[in-house]
Amino acid sequence: MKERREVRAREMVEDIRAGKTDSELLEKYRLSEKGLASVMKRLLDAGLMESSELKNRLALFQQTASIPVPRKEPRCYPVFAILIHELDDLATDYYIQDLSLKGFRISGMLSKVGDVRTFLIQADEFVDVFPLSFDAQCRWVKADSNINEYSAGFQIVKISEGNLNELKQIIKHMTVSEDQASEDDDD
């Protein structure tokens, strides 16, 4: 089992802006090049850094970088893995890539647009949150032929008030959002 590394977003941003090299970042945070590229992409996607600040960084990162698109509900990016299960298949783990109060994107699931599924999140390992379930409808599916992987976007269509409150706690304690990035800039 891979050891999960904790990387504090604010500290990483400060180190990059202070001029630490990729090699120094790799050593300090004990990350692989792929891991560092993933962290940099998350910083960019969350709006904590501008693409111009990361322009001359890892070649691997430069191939995967993208500019975030403004949304009505801010996207929130997990700081560490958030597992989600389909209620009909609790043995298969899927990972949330981004999350909002209206929906989420997961990797690894092949679905059809229009499918409605019931999902379960058990986040109590990291945060004091009760397991929650909700119904969500598949809005899009995308295949990445480079890694033989699927991503799917789901819109939450039915969730109880109690489960919505639990989802808010997960977003608050387990993710970095575009809104938080704006607040950090004001400090």
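**Salt bridges and cores**

Let's start with a small charged cluster: Glu-11, Asp-15 and Lys-28 are joined in a network of salt bridges. Keep in mind that this is a predicted model. Within the cluster, Asp-15 and Lys-28 pair up with their closest N and O atoms 2.7 Å apart. That pair connects distant parts of the chain, since Asp-15 sits in helix α1 (residues 9-17) and Lys-28 in helix α2 (residues 22-29), 13 residues apart. The two partners don't share the same surroundings: Asp-15 is buried, at a relative accessible area of 9%, while Lys-28 is partly exposed, at 38%.

How many salt bridges turn up in a search of the whole structure? The search finds five. Another one of them brings Glu-86 and Arg-117 together, at 3.2 Å from N to O. Glu-86 belongs to strand β2 (residues 83-86) and Arg-117 to strand β5 (residues 116-121), so this pair ties together parts that are 31 residues apart in sequence. Both Glu-86 and Arg-117 are buried.

Then there's the salt bridge between Asp-98 and Arg-105, where the closest N and O atoms are 2.9 Å apart. Here Asp-98 is buried, with 7% relative accessibility, and Arg-105 is partly exposed, with a relative accessible area of 23%.

What about the cysteines? Cys-76 is buried, with a relative accessible area of 4%, and Cys-138 is buried too, at 1%. If you're looking for disulfides, the count comes to zero, the cut-off being a pair of cysteine sulfur atoms within 2.5 Å.

Now for the nonpolar side of things. The largest nonpolar core has 23 residues, and the members that touch the most others are Ile-84, Phe-104, Ile-106, Phe-119, Phe-134 and Phe-154. Strands β3 (89-99), β4 (103-107), β5, β6 (132-144) and β7 (149-158) each give two or more residues to this core, and so does helix α5 (161-174).

Phe-134 is a good residue to click on. Leaving out residues up to four places away in sequence, Phe-134 touches Ile-84, Phe-104, Arg-117, Thr-118, Phe-119, Ile-121, Ile-156, Lys-158 and Ile-159. Notice Arg-117 in that list: this is the residue that forms the salt bridge with Glu-86.

Apart from this core lies another one, of 19 residues, including Val-7, Val-13, Met-40 and Ala-46. Val-13 falls within the stretch covered by helix α1 (residues 9-17), the helix that also holds Asp-15, which takes us back to the network of Glu-11, Asp-15 and Lys-28.

Note on methods. Residues are numbered from 1 along each chain as its sequence is written. This is a predicted model: local features need pLDDT of at least 70, side-chain atom pairs count only at pLDDT 80 or more; totals for chains, interfaces and linings use all residues. Side-chain values use heavy atoms; hydrogens and water are left out. A salt bridge is a side-chain nitrogen of Lys or Arg within 4 Å of a carboxyl oxygen of Asp or Glu. Helices (H or I, at least four residues) and strands (E, at least two) are DSSP runs, numbered from the N terminus. Buried means under 20% relative accessible area, exposed over 50%, partly exposed in between (1.4 Å probe, protein chains only). A nonpolar core is a set of buried Ala, Val, Leu, Ile, Met, Phe, Trp, Tyr and Cys residues joined through side-chain atoms within 4.5 Å. Contact means heavy atoms within 4.5 Å.
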